[in-house]
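Me: I am new to this structure and would like a close look at a single part of it. Please take one hairpin and what lies around it, and go through it carefully.

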Amino acid sequence: MQEKQLSSGFFTYAELQGMGYTVDGIVEKTVALSADDISGYDSQDNESQYWLKHRRNNMSLFVCAMQGDTMLGHFSAMRVKTNEAMAFLEGKCAETEFTVVSEQDAKTTSHYVYISAVVVKKSLRNSTVALKLIRQGYRLLNQYLKETPQAKGIFAEAYSEEGRRLCELFGMNNISANFYRKDR
């Protein structure tokens, strides 16, 4: 295993794996960061396993900021079947009930991209780290939508005022309550 990166930077799953991290280890870090830095976030016992399954199938829709072995923030998204996305936006389905849509399935299955997390350590929320992470995540989404005809748009649930502002910045419309969506 290679020595882990010591300087801060922005990394994809592939880059982190090249530095010796496992998908399991990365997911543990993202869930721990979410639990520590999202107000009102309540981590479920089986949550790491759920996210592990989804993130393994959506590794291209992830970027994180790290310094040494510390995750400073992450932008994570996942493909969700269109009917499940609409059920979620109507409050009829929880995010922990989404079916896995693999990269292969995405070529033939109508889907939306769910922004499952944009988390930055509280102390860095008004920093260039947060700004760069959000920009990279937004570029990632736009590139994916451009290259993937079966992707119908993006959606998210905003838990905070910052989350709502971010959804609006991404051009998403408030559907109801904390739910946002943008079609192609």
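Reply:

**The hairpin and its surroundings**

Strand 2 and strand 3 form a hairpin with 2 residues between them, and in the turn glycine 68 has a positive phi of about 60°. The model is a predicted one, in which local features need pLDDT of at least 70 and side-chain atom pairs count only at pLDDT 80 or more, while totals for chains, interfaces and linings use all residues. Residues are numbered from 1 along each chain as its sequence is written, and side-chain values use heavy atoms, with hydrogens and water left out. Strands (E, at least two residues) and helices (H or I, at least four) are DSSP runs, numbered from the N terminus.

The two arms of the hairpin pair in the antiparallel sense over 6 bridges, where pairing requires that DSSP finds at least two bridges between two strands. Within this pairing, methionine 66 stands opposite methionine 71 in strand 3. Strand 2 also pairs with strand 1 (residues 9-11), to which 3 bridges join it in an antiparallel run, and here alanine 65 of strand 2 is the bridge partner of phenylalanine 10.

Strand 2 (residues 62-67) is largely enclosed by the rest of the structure, because 5 of its 6 residues are buried; buried means under 20% relative accessible area, exposed means over 50%, and partly exposed lies in between, with a 1.4 Å probe and protein chains only.

On the other arm, strand 3 holds alanine 77, which counts as buried because its relative accessibility is 5%. Leaving aside residues up to four places away in sequence, alanine 77 touches Asn58, Leu61, Val113, Tyr114, Ile115, Ser116 and Leu141, a contact being heavy atoms within 4.5 Å. One of these contacts reaches along the chain, since valine 113 lies 36 residues from alanine 77 in sequence, with 6.4 Å from C-alpha to C-alpha in space.Strand 3 (70-81) is also among the elements that cover the buried residues of helix 4, together with strand 4 (111-120), strand 5 (151-157), strand 6 (173-176) and strand 7 (179-183). In helix 4 (residues 82-89), the buried residues are Glu84, Ala85, Ala87, Phe88 and Leu89. After helix 4 comes glycine 91, whose phi is positive, near 75°.

Phe88 also belongs to a cluster in which ring pairs link Phe88, Phe98, Tyr112, Tyr114, Phe155 and Phe179. Rings of Phe, Tyr and Trp (its six-membered ring) pair if their centres lie within 6.5 Å, and planes under 30 degrees apart count as stacked, over 60 as edge-to-face and the rest as tilted.
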